[in-house]
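Work through the exercises below with the sequence and the structure open.

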Amino acid sequence: MIQISNHLPTGELQALDSAHHMHPFTHGADLAANGPRVITRARGVTLTDSEGRDYLDAMAGLWCVNIGYGRDELADAAARQMRELPYYNTFFQTTHVPAIALANTLAELAPGDLNHVFFAGSGSEANDTNIRMVRTYWAQKGKPDKKVIIGRRNGYHGSSVGSASLGGMRGMHAQGGLPIPDIHHIDQPDWWSEGGETSPGEFGLERARQLERAIAEIGEDRVAAFIAEPVQGAGGVIVPPETYWPEIQRICDAHDILLIADEVICGFGRTGNWFGSQTVGWRPHIMTVAKGLSSGYAPIGGSIVCDEVAEVLAHCEFNHGYTYSGHPVACAVALENLRILREEGIVDRVARETAPYLEKAWTALADHPLVGEARLKGMMGSIALTPDKTRRAAFAAPAGSAGLICREACFENGLVMRHVGDRMIISPPLVISQAEVDTLADRAAKALDIAHSRLRDEGLMSAG
Ligand code: PXG
């Protein structure tokens with residue numbers, strides 16, 4: 001068997017990768033043309049690739065490495081747990097200490113009466129759990145027809161058949177026959193791209209009221225739940241107008257439906273509170289969690305469920321669960337991660353210092369000629385690239401062309417920043433220092449300069 005290690009030359013690793021490894025969300029032609037970047041190690045907020053180049057990771061991996069890379073305490077917690085009890089399941093009236101401890105800690109951290117946890121291996125799995133859980137809840141209450149779930153266009157809730165159906169990504173629905181039946185989508189509150197001539201405030205209200213219209217059209221007796229991310233992440237860090245969430249809450253209060261806050265990105269400090277729904281003032285019955293729960297050190301997700309839903313479900317056997325629901329090693333790692341977040345006061349520091357500092361640096365980028373708006377909620381932000389900021393214009397070139405050019409310029413300047421269409425997004429580790437924020441902003445500004453001149457040289461600065 002071939003010995004594959006960090007010591008192989010990059011070209012060889014790339015060839016072995018393309019021979020056998022199929023990548024998520026990656027176009028085969030791009031992979032064949034450029035090969036993958038091979039990341040070999042990471043520390044703090046810095047990634048190192050197989051050529052020895054360093055990058056400031058402004059995405060915290062995929063929005064998840066909240067405490068930063070290289071914390072030995074998590075490695076030690078995993079090793080300890082693997083030695084003591086590497087695996088046992090939580091089915092059939094069995095439990096173990098890491099699952100008990102993590103469920104109790106989450107119940108303590110979660111607001112209100114969100115006191116019960118159903119574990120999964122990822123955010124997608126947890127949202128699949130939610131689909132079955134809310135439908136089972138209503139069936140148990142004698143309303144089996146109350147099963148429609150309302151999500152939002154351009155929302156992201158995962159990649160499995162169920163969770164991708166809840167999401168509103170057109171490209172995902174086009175592959176594999178999605179959405180599944182009884183999922184309905186309303187429009188997203190993206191004023192910059194879709195607000196036209198209306199003011200942000202009016203637009204926020206209008207988009208929120210689509211929920212009320214959808215409930216009326218479908219019939220309240222058929223709607224089981226509404227699911228939303230407090231701040232859309234993968235959709236491009238869409239921060240809704242101030243009017244949006246209070247109106248959504250008013251509508252939710254007026255109708256007998258369950259509310260699912262997808263906290264997979266917003267949870268565990270990302271927006272300056274433990275949960276994003278606290279930041280936007282929304283009171284869900286179920287929260288989906290994953291990513292920052294373990295800072296990405298181990299795969300784990302879950303649904304945090306309110307007393308009423310848990311109690312109704314306790315009257316039946318919920319025929320649902322995953323081999324790795326409450327995996328002991330993942331739970332031990334998550335517990336250690338939560339201990340660090342709490343004891344080091346990281347969430348507080350985000351709210352008091354880090355996020356305000358990042359906001360200043362980030363919003364200053366709005367002065368760049370290529371940037372239409374810079375928006376931010378806590379430690380997640382985006383900038384919209386535009387050929388004409390006075391008109392909030394989109395590029396004439398296919399959507400994403402400018403974003404891709406800018407992303408490549410970021411890599412050349414030692415910065416990992418993702419693009420969603422022609423929007424650049426960040427979600428750095430919450431432990432980023434002020435000096436590192438300065439570096440992030442400097443490199444982003446440099447990348448914008450380079451992207452701007454490339455777009456001009458290639459004749460791509462015209463509006464569509
Ligand atoms: N909900 C939300 C809000 C997410 O952002 C999921 C659920 C699914 O979680 P899992 O653990 O099954 O991936 C996510 C995941 C991107 C990107 O490029 C975003 C996610 C995953 C992969 C890529 O923005 N979000």
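Two exercises follow, each with a worked solution.

This is a predicted model, in which local features need pLDDT of at least 70 and side-chain atom pairs count only at pLDDT 80 or more, while totals for chains, interfaces and linings use all residues. Residues are numbered from 1 along each chain as its sequence is written, and side-chain values use heavy atoms, with hydrogens and water left out.

**Exercise 1.** Describe the shell around the ligand and the polar side-chain atoms that face the ligand.

Solution.
- Step 1. The ligand is surrounded by 16 residues (near: a heavy atom within 4 Å). The closest are Trp 63, Gly 123, Ser 124, Asp 262 and Arg 418.
- Step 2. Domain 1 (37-70 + 345-457) and domain 2 (73-343) each contribute at least three residues to the shell; the bounds come from an automatic or database domain assignment.
- Step 3. Of the helices (DSSP runs of H or I, at least four residues), α6 gives the most to the shell, three residues.
- Step 4. Oxygen atoms of the ligand lie 2.9 Å from an N or O atom in the side chain of Trp 63 and 2.7 Å from a polar side-chain atom of Arg 418. For Asp 262, a polar side-chain atom is 2.7 Å from a ligand nitrogen.

**Exercise 2.** Is Asp 49 buried or exposed, and which residue's side chain makes a polar contact with the side chain of Asp 49?

Solution.
- Step 1. Asp 49 has a relative accessible area of 3%, so Asp 49 is buried (under 20%, with a 1.4 Å probe and protein chains only; exposed is over 50%).
- Step 2. The side chain of Asp 49 makes a polar contact of 2.8 Å with that of Tyr 55 (N or O atoms within 3.5 Å, one able to donate a hydrogen and the other to accept it; residues adjacent in sequence count only if both atoms are side-chain atoms).

How values were computed: Helix = DSSP H or I, 4+ residues; strand = E, 2+ residues; numbered from the N terminus.
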